[in-house]
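Here is a short tour of the model shown below, written to be read with the coordinates open. We start with aromatic rings and then move on to charges, cysteines, a pocket and a few backbone details.

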Amino acid sequence: QKEIENLKEHKFFSAIIMKADLIKDVSIKYFIYSIVKQMNQREINIRKIYDLIPSNALSFQKSLRSLVWKISLNYLPLNIEEWEDYLDKKREEYQDIKDKYLTTSKNLKVKFSPSVDILSDNKMSFLYQDNKLLELIEHDMKRTYPNNPLFQQKSKNNKKETNCDILRRMLFIYAKKYPEISYVQGLNLIIANIFYAFSMDENPYFNMFAEEDSFYCFELLINNYFKDIYNQEKDRSEKGIRSIINYIKYLLNIIDRELFYNLNNMKIDIYMFIFKWYTVFFSQEFELDVTLNLWDHFICNENKE
């Protein structure tokens with residue numbers, strides 16, 4: 001109990017502990033305290049954290065979810081003593097990335113005259129491509145949780161932009177940084193879920209940097225685990241979307257043969273709905289809070305593939 005009292009003033013854990021004190025369910029409170037104590041180590045044992053998390057603990061604790069996701073996605077180091085310097089470095093690095101990839105964005109959305117030879121003018125060609133990229137992202141931004149007030153709210157750091165503008169910027173930067181993937185439909189929902197989870201963190205040290213942390217965790221999630229499913233050239237590779245869906249068909253045939261044959265008899269190809277489920281991780285099937293509960297289990301799984 002003394003250790004918990006000391007953590008009430010901790011830079012990373014104060015919001016979690018103070019919120020946990022208000023929870024009436026003693027068992028949930030115990031799990032939260034145990035998880036935080038496990039995090040407060042020079043060498044975090046992520047397996048022990050996964051073992052401690054009950055099915056609904058993170059839904060009670062937005063700040064705890066934020067930290068668990070960051071650790072699980074290999075963003076935060078497993079040594080807590082490294083966190084502060086590491087986060088300061090990554091946040092500075094993100095500013096450099098913005099400066100690099102948004103230098104031309106100030107001139108985007110220009111009208112191209114038919115007299116301009118885009119193919120022979122490299123500058124105009126890049127500008128044209130960036131315009132098309134932004135148009136593609138913008139099309140999906142309009143459908144990204146339009147009824148959720150968070151995304152329409154003004155940014156905590158810049159009242160001249162909304163949180164939706166932040167999502168648009170992160171997707172644009174990612175597309176420029178990784179042209180082999182660029183932007184594909186569905187990535188808007190993936191990054192929106194991460195940004196929402198981090199924005200809900202009640203610790204200002206984290207929620208004021210939701211953009212920076214969201215970008216890096218999005219980058220790690222896609223690049224380390226799901227990069228091939230968004231790359232059309234890799235569709236039929238071992239980790240491509242078609243290979244994954246064929247494997248799911250194989251599993252369905254083994255686990256529930258009756259359902260498998262019923263779908264076949266009705267000429268329903270599971271590709272029709274598995275593709276959607278898998279590429280956005282159920283982000284369009286449930287309310288956002290329910291989706292995040294599912295993500296708690298996806299992300300807190302050592303074998304995320």
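## A pair of phenylalanines

Phe 286 is partly exposed, with 40% relative accessible area. Please keep in mind that this is a predicted model. Phe 286 forms an aromatic pair with Phe 282. The two ring centres lie 6.4 Å apart and the planes meet at 35°, which makes the pair tilted. Phe 282 is partly exposed too, at a relative accessible area of 24%.

## Other aromatic rings

How many aromatic pairs does a search of the whole structure find? The count is 30. One of them joins Phe 12 and Phe 206, with 6.0 Å between the ring centres; the planes are at 40°, so this pair is tilted. It connects distant parts of the chain, as the two residues are 194 residues apart. Phe 12 is in the loop between helix 1 (2-7) and helix 2 (14-20), while Phe 206 belongs to helix 12 (residues 204-207). Are these two rings buried or exposed? Phe 12 counts as buried at 7% relative accessibility, and Phe 206 counts as buried at 1%.

Ring pairs also build a cluster, whose members are Trp 69, Phe 198, Tyr 225, Phe 226, Tyr 278, Phe 281 and Trp 295.

## Charges over rings

Phe 198, a member of that cluster, has Lys 70 over its face, 3.6 Å from the ring centre. A second case involves Tyr 216: the charged end of Lys 90 sits over this ring, at 4.1 Å from its centre.

## Cysteines without partners

How many disulfides does the model have? The count comes to zero. A disulfide is a covalent bond between the sulfur atoms of two cysteines. For Cys 217, the closest cysteine sulfur is that of Cys 300, 12 Å away, which is too far for a bond, because the cut-off for a disulfide is 2.5 Å. Cys 217 counts as buried, with 0% relative accessibility. Cys 164 counts as buried as well, at 10%.

## The second largest pocket

The second largest pocket has a volume of about 510 Å³. It is lined by 24 residues, and the closest to its centre are Gln 185, Gly 186, Leu 189, Val 280 and Gln 284. Helix 11 (187-199) and helix 16 (271-280) are the elements that give two or more residues to this lining. Which helix gives the most? That is helix 16, with five residues. Sorted by class, the lining holds 10 nonpolar, 10 polar and four charged residues.

Leu 189, listed above among the residues closest to the pocket centre, has its C-alpha 9.2 Å from that of Arg 143, and the two are 46 residues apart in sequence. Arg 143 is located in the loop between helix 8 (122-141) and helix 9 (149-152), and counts as partly exposed at 44% relative accessibility.

## Positive phi angles

Where do positive phi values turn up outside glycine? Asn 74 is one of the examples, with phi of about 65°. Asn 74 lies in the loop between helix 6 (62-72) and helix 7 (83-101).

Phe 281 is another example, with phi near 50°. This residue, also part of the aromatic cluster, is found in the loop between helix 16 and helix 17 (288-299). Phe 281 is buried, with a relative accessible area of 8%.

Note on methods. Residues are numbered from 1 along each chain as its sequence is written. This is a predicted model: local features need pLDDT of at least 70, side-chain atom pairs count only at pLDDT 80 or more; totals for chains, interfaces and linings use all residues. Side-chain values use heavy atoms; hydrogens and water are left out. On a 1 Å grid over the protein atoms alone, a cavity is a set of points where a 1.4 Å probe fits but cannot get out, and a pocket is an open set with protein on both sides within 12 Å along at least five of seven lines; lining residues have an atom within 4 Å of a point. Grid points are joined across faces, edges and corners, and a volume is the space filled by probe spheres set on the points. Helices (H or I, at least four residues) and strands (E, at least two) are DSSP runs, numbered from the N terminus. Ala, Val, Leu, Ile, Met, Phe, Trp, Tyr, Cys and Pro count as nonpolar, Asp, Glu, Lys and Arg as charged, and the others, Gly among them, as polar. Rings of Phe, Tyr and Trp (its six-membered ring) pair if their centres lie within 6.5 Å; planes under 30 degrees apart count as stacked, over 60 as edge-to-face and the rest as tilted. Buried means under 20% relative accessible area, exposed over 50%, partly exposed in between (1.4 Å probe, protein chains only). A charge sits over a ring if NZ of Lys or CZ of Arg is within 6 Å of the ring centre and within 35 degrees of the ring normal.
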